Amino acid sequence: MGTFFRKLAGFIFFFSKKIKHFLWKRIYDRLANTYEYFDWAFMNYGFDYDNKSNEPPLSDEDEEYRYCIQLYHHTVEKLAVQDKTVLEVGSGRGGGTSYIARYLNPKKITGIDYSKNAITLCNRIHNEHNLEFVEGDASDLPMEDDSQDVVINVESSHCYPSIPQFLSEVKRVLKPGGLFAWTDVCPTEAVDDYEEAFNTCGMKTIDYYQITDNVLRALDADKINEVKNEIISKSTPFYLKGIIKDFSGLKDTAIYNTLRNGRTKYYFRILQNG
Ligand SMILES: C[S@@+](CC[C@H](N)C(=O)[O-])C[C@H]1O[C@@H](n2cnc3c(N)ncnc32)[C@H](O)[C@@H]1O
């Protein structure tokens, strides 16, 4: 029965856009209420630098989340966000938005997520002066035109029903010359669609490469995965357990295995608004 649910869920997540949008929202809302922030401040797979000398220094408190923080650090490190206005779309539990606010000194960073519960959680937990969280959808961003110097998007776009619509919203809210950094998993059968969307969105790709190996090394090394496994087993309703495990990146689960066997890859891309 568990396998049936997982196969059905896999079909729904990858192929039915509207259902995917609705179900992910329910799942992320549920996750925001189910797990304590400090058990699980991030919801990404992490990043391991090839060269350890590139790792950012972290406080003892943040050290626990090193790999997940490094996925953020790698995403923004070439964007010089100091004193800039930054928007994160799909900010989740706010760990990455808070890292940027505390360590990289943007003028202001806004985290947007369509999970109302995640936004409530973030507003309760984070109170840096240059940070805010707002409920909103990637396909209709609640931001003014030409208002942001930088937009980032970390492991969230695979949930969106339309990548072209999302990219047109990013372009709308970015100032001319503004930068957009995107990083996410992508199954090989979707690569051409993503490529077309990025190439026709009116922003110019200025950097683009795969980070699958860095992500896999992080998934293998991150001690937080043991905690994740325990939390999922303890606090997830039975009908969601399989699919949450598959997307958690835990060893020998679906997404982990497709990253290992090359059927899914993890990409990083920077675009500039023309
Ligand atoms: C895998 S989590 C990553 C969260 C965060 N970026 C991190 O790395 O910890 C994906 C996030 O994208 C959000 N999301 C999915 N679809 C969205 C949409 N259409 N609009 C805004 N947020 C969305 C989810 O609610 C979830 O918080």
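User: In what order do the 7 strands of the open sheet lie?

Analyst: This is a predicted model, in which local features need pLDDT of at least 70 and side-chain atom pairs count only at pLDDT 80 or more, whereas totals for chains, interfaces and linings use all residues. Residues are numbered from 1 along each chain as its sequence is written, and side-chain values use heavy atoms, with hydrogens and water left out. Strands are DSSP runs of E, at least two residues, numbered from the N terminus, and two of them pair if DSSP finds at least two bridges between them. The pairing in this open sheet is mixed, and the order is β3-β2-β1-β4-β5-β7-β6.

User: Which strands are the edge strands?

Analyst: An edge strand here pairs on one side only. That applies to β3 (131–135) and β6 (203–210).

User: How many disulfides does a search of the whole structure find, and why is Cys122 not in a bond?

Analyst: A disulfide is a pair of cysteine sulfur atoms within 2.5 Å. The sulfur of Cys122 is too far for a bond, because the closest cysteine sulfur, in Cys68, is 14 Å away. Cys201 is likewise in no disulfide, with the sulfur of Cys186, the nearest, 15 Å away. The search of the whole structure finds 0 disulfides.

User: Which ring does the charged end of Arg269 sit over?

Analyst: A charge sits over a ring if NZ of Lys or CZ of Arg is within 6 Å of the ring centre and within 35 degrees of the ring normal. For Arg269 the distance to the centre is 3.7 Å, and the ring is that of Tyr208.

Notes: Helices (H or I, at least four residues) and strands (E, at least two) are DSSP runs, numbered from the N terminus.
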